[in-house]
Amino acid sequence: MKKNSQLNLHSVLNHLTDMIILCSTEFEVIESNKAADIILGGGNSIVGVKCHKLLHDKTEPCSDCPLEDTISSGRLKHLNYFNENIDEYFEERTHPIIEDDCQQGFVLICRNVTEIREIEDQFAQAKKMAAIGQISSGVAHDFSNVIMGILGRIRLMRMLQNVPEIEEQLELLEQSAQDGAQTVRRMQEFTRAWKKTAFVDINLLELIEDVIALTRPKWHESTKSEGRLVKIICDIEEDIYIKGNTSELHNAFTNIIFNAVDAMPDGGFISFKGQQKNNQVLLRVQDTGTGMTEEIRHKIFDPFFTTKGSDGNGLGMSEVHGVIKRHSGTIEVESEIGDGTTFFLKFPVHIPEKEAEEVEPEVSSLQVLVIDDQDFILETLKDVLEEMGHGFTGFISPVEALKNFSPNRYDVIITDLEMPIMNGQEFAEKIKAIDPAIPIILLSGWYIDLKDDKTLSKVIDFTLPKPFTVKDIQKLFVKVVGSKNTEAK
Ligand code: ADP
Ligand code: MG
């Protein structure tokens, strides 16, 4: 520091942003720094004012004043409080000044800790999100197994029976399970365990008709039991296609229907009108509900915005917005109190490629060895594979499967990844040591990209993510046979 510097302790105190106040034992301000004068005195000196008046606008010393504690314990004390007038958090500390064994006064240091608290909150929030991420990725993994079991059974029932009414119900049931699988995938996507969402050709009329059928319990059955009548009218041109993800769109339109039903306490109409104009698909969804104010209309796409108190979570419309955006679409709202609500949606037109009569190449009967530590997955695969005309041998334990294995006995192996004692990768390594040519398919609830995993791709030829469809297996087996043929050449 320069010798002729004007700095002294008092000027240092005046440069601090913490408020520093010297008080008498009668709680009266004797001296204060600049920050205290600015914040508490509006720029004027606060000398002579009582500290409880200044800080807490009280005529008597505060009951929770840290000073008494400080004096009795001889220790520095903290007091944290929220100042409602300026909406900020403060931390107060009192230091006693004792000379000749006698309390002469005290120094009060008061600091605005709002920003620190916000950072701490953000940190806690980040930790919480990380924990939720971990939990949900585990839940997603377990659920994909459960859904796979359900889907397997539904598919089998569809293969076995021939009654159109049951077929229709099974189809809806399968779609619900597929939606569940998609939710699981979204959870995995959230935790970055899953990277792909498939976009397929979607016929708008079929999509909306499916959603209307799937949501019928909410708009028809439950409203009927409450004595209000809700009707849905669907007027959509037949040959309109968009490219998209069925489950995501199902969710979005389900939210729109649910909100419309919620907005019609006395019943009413929901109408869908869809048409194609130039290069755009236009879809209008209208309800005859209560409508909403301008203010609410501005907020409906905000996450967590709800007017339904504890009955709502405010996530429906923000999800709708996200889904429509991912589909390169737009959504606009018009609403008037008492006059219902109309959503205008636009999507780019999609022209599906003419499918070259999709004939699945026939795959001759294969002998399949399956290893999974979960009984019901083995059972599902047994049913599905046998129904497809393949031979099935299953083991719960990879160790037992190894004992049973010999070259040329099987055409292909399907193994689970996570198993106690020996995991799918170790099992595959041991098998490939015996028979390097046998194709091995890895079954897993986690998303695995073989291109990203050099060690795994040495012993694993294909992956089959859970939950899978019969079509997935058919397609995979075509590849398996193809790879065998190329190898044989
Ligand atoms: P939630 O349904 O859980 O409240 P949403 O995100 O689905 O959350 O909707 C947010 C808010 O938007 C609703 O609480 C409601 O006030 C308003 N809203 C959405 N759709 C409609 C509608 N069709 N008619 C009237 N208000 C609606
Ligand atoms: Mg909602």
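In this predicted model, Glu 221 and Arg 216 pair through their side chains in a salt bridge, at 3.8 Å from N to O; the term covers a side-chain nitrogen of Lys or Arg within 4 Å of a carboxyl oxygen of Asp or Glu. Both partners sit in the middle class of exposure: Glu 221 is partly exposed at 41% relative accessibility, and Arg 216 is partly exposed at 35%. Here, buried means under 20% relative accessible area, exposed means over 50%, and partly exposed lies in between (1.4 Å probe, protein chains only).

The structure holds 16 salt bridges. Among them is the one between Asp 57 and Lys 53, whose closest N and O atoms are 2.7 Å apart. Asp 57 counts as exposed, at 55% relative accessibility, while Lys 53 is partly exposed at 40%. Arg 93 and Glu 91 also meet in a salt bridge, at 3.8 Å from N to O, but here Arg 93 counts as buried with 19% relative accessibility, and Glu 91 is buried too, at 15%. Arg 153, Glu 379 and Asp 383 are linked in a network of salt bridges.

As for housekeeping, residues are numbered from 1 along each chain as its sequence is written, and chains are lettered from A and ligands numbered from 1 in the order in which they are written. Local features need pLDDT of at least 70 and side-chain atom pairs count only at pLDDT 80 or more, whereas totals for chains, interfaces and linings use all residues; side-chain values use heavy atoms, with hydrogens and water left out.

Turning to the interior, the largest nonpolar core has 38 residues, of which Phe 253, Ile 270 and Phe 272 touch the most other members. Such a core is a set of buried Ala, Val, Leu, Ile, Met, Phe, Trp, Tyr and Cys residues joined through side-chain atoms within 4.5 Å. Elements giving two or more residues to this core include α7 (204-214), β7 (230-236), α9 (246-262) and β9 (268-277), and α9 supplies the largest share, seven residues. Helices (H or I, at least four residues) and strands (E, at least two) are DSSP runs, numbered from the N terminus. A second, separate core has 23 residues, including Leu 366, Val 370, Ile 414 and Phe 468.

Ile 270 has contacts (heavy atoms within 4.5 Å) with residues that include Val 230, Ile 232, Ile 257, Val 261, Met 264 and Val 285, leaving out residues up to four places away in sequence.

Phe 392 lies in strand β14 (residues 391-395) and is buried, at 18% relative accessible area. With neighbours within four places in sequence set aside, the residues in contact with Phe 392 include Val 368, Val 370, Leu 378 and Leu 381. The C-alpha atoms of Phe 392 and Leu 369 are 6.2 Å apart, although 23 residues separate them along the chain.

Cysteines come next. A search of the whole structure turns up zero disulfides (pairs of cysteine sulfur atoms within 2.5 Å). Cys 51 is in no disulfide, and the nearest cysteine sulfur, in Cys 23, is 4.4 Å away. Cys 51 is buried, with a relative accessible area of 6%. For Cys 110, the closest cysteine sulfur is that of Cys 51, 10 Å away and so too far for a bond; Cys 110 is buried at 0%.
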